[in-house]
Amino acid sequence: MSQVGRTLAIIKPDSVARGIAGEIVSAIEQAGFRIRGMRMLRLNRERAEGFYAVHRGKPFFAGLVEFMTEGPVVVLALEREDAILKWRELMGATNPANAAEGTLRRRFGTSIQRNCVHGSDAHETARFELGYFFSEAELG
Ligand code: CMP
């Protein structure tokens with residue numbers, strides 16, 4: 001069953017540094033998402049570790065935190081029908097090498113770590129991740 005929902009997107013430091021944040025925002029809008037919140041910020045180590053706490057202990061965790069703190073990111077609260085699924089479709093597979101043609105990670109990702117964008121993977125994750133960056137009052 002489809003329903004209007006929200007998801008958290010991050011345009012990662014590799015994309016911001018390359019100057020393609022605007023192109024990614026444009027692709028998000030063209031895909032029918034409403035942008036309910038958007039902010040550029042730089043994560044520090046504590047904030048990146050807290051965001052990715054479910055991955056703590058995995059072999060890629062330290063590298064992931066280092067990458068996510070290397071420069072500014074853009075965090076977005078996205079809304080549309082089936083937001084979580086549709087944003088995951090637009091992003092493509094985690095590893096750009098496996099991502100479908102036309103997806104953002106296929107177009108802009110350069111490795112499984114430097115994969116250009118992030119998205120929530122489930123309803124509960126989306127609630128946690130949206131709350132990590134945006135207050136309820138801010139999103140309306
Ligand atoms: P993301 O969707 O932000 O969620 C967790 C991130 O960890 C993922 O994108 C990748 O950037 C990174 N990641 C996941 N698996 C690996 C891996 N095997 N090696 C390196 N980085 C990974």
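Helices and strands are DSSP runs, numbered from the N terminus, with at least four residues in a helix and at least two in a strand. The exercises below concern a predicted model.

**Exercise 1.** Determine which elements each supply at least two residues of the lining of the second largest pocket, and which one gives the largest share.

*Solution.*
Step 1. Begin with the space itself: the second largest pocket has a volume of about 410 Å³.
Step 2. Examine its lining, which is made up of 17 residues; R6, H123, A126, R127 and L130 are the closest to the centre of this pocket.
Step 3. Assign the lining to elements. At least two residues come from each of strand 1 (4-11), helix 5, helix 7 and helix 8 (136-139).
Step 4. Identify the main contributor: helix 7 provides the largest share, 5 residues.
Step 5. Sort the lining by class, which gives 7 nonpolar, 6 polar and 4 charged residues.

**Exercise 2.** Describe the largest pocket by its volume, its lining and the elements that contribute to that lining.

*Solution.*
Step 1. The space in the largest pocket is about 640 Å³.
Step 2. Its lining comprises 25 residues, and those nearest the centre are Y52, H55, T94, R105 and H118.
Step 3. Two or more lining residues are given by each of helix 3 (45-51), helix 5 (83-91), strand 4 (117-119) and helix 7 (123-133).
Step 4. Among the elements, helix 7 gives the most, with 3 residues.
Step 5. By class, the lining of the largest pocket contains 10 nonpolar, 10 polar and 5 charged residues.

**Exercise 3.** Establish where the ligand sits, which residues are around it, and which side chains approach its oxygen atoms.

*Solution.*
Step 1. Locate the ligand: it sits in the largest pocket.
Step 2. List the residues around the ligand, namely K12, Y52, H55, F60, L64, T94, R105, I112, Q113, N115 and H118.
Step 3. Classify this shell: 4 residues are nonpolar, 5 are polar and 2 are charged.
Step 4. Apply the cut-off for a polar contact, a pair of N or O atoms within 3.5 Å. An N or O atom in the side chain of K12 is 2.7 Å from an oxygen atom of the ligand. For R105, a polar side-chain atom lies 3.1 Å from a ligand oxygen atom. For N115, the distance from a side-chain N or O atom to an oxygen atom of the ligand is 3.2 Å.
Step 5. Consider the cover: of the 460 Å² of accessible area that the ligand has on its own, the protein covers 78%.

Conventions
Residues are numbered from 1 along each chain as its sequence is written. This is a predicted model: local features need pLDDT of at least 70, side-chain atom pairs count only at pLDDT 80 or more; totals for chains, interfaces and linings use all residues. Side-chain values use heavy atoms; hydrogens and water are left out. A residue is near a molecule or strand if one of its heavy atoms lies within 4 Å of it. A polar contact is a pair of N or O atoms within 3.5 Å; within protein, one must be able to donate a hydrogen and the other to accept it, and residues adjacent in sequence count only if both atoms are side-chain atoms. Accessible areas come from the Shrake-Rupley method with a 1.4 Å probe; for residues, only the protein chains shown count as cover. On a 1 Å grid over the protein atoms alone, a cavity is a set of points where a 1.4 Å probe fits but cannot get out, and a pocket is an open set with protein on both sides within 12 Å along at least five of seven lines; lining residues have an atom within 4 Å of a point. A molecule sits in a cavity or pocket if more than half of its atoms lie within 2 Å of its grid points. Ala, Val, Leu, Ile, Met, Phe, Trp, Tyr, Cys and Pro count as nonpolar, Asp, Glu, Lys and Arg as charged, and the others, Gly among them, as polar. Grid points are joined across faces, edges and corners, and a volume is the space filled by probe spheres set on the points.
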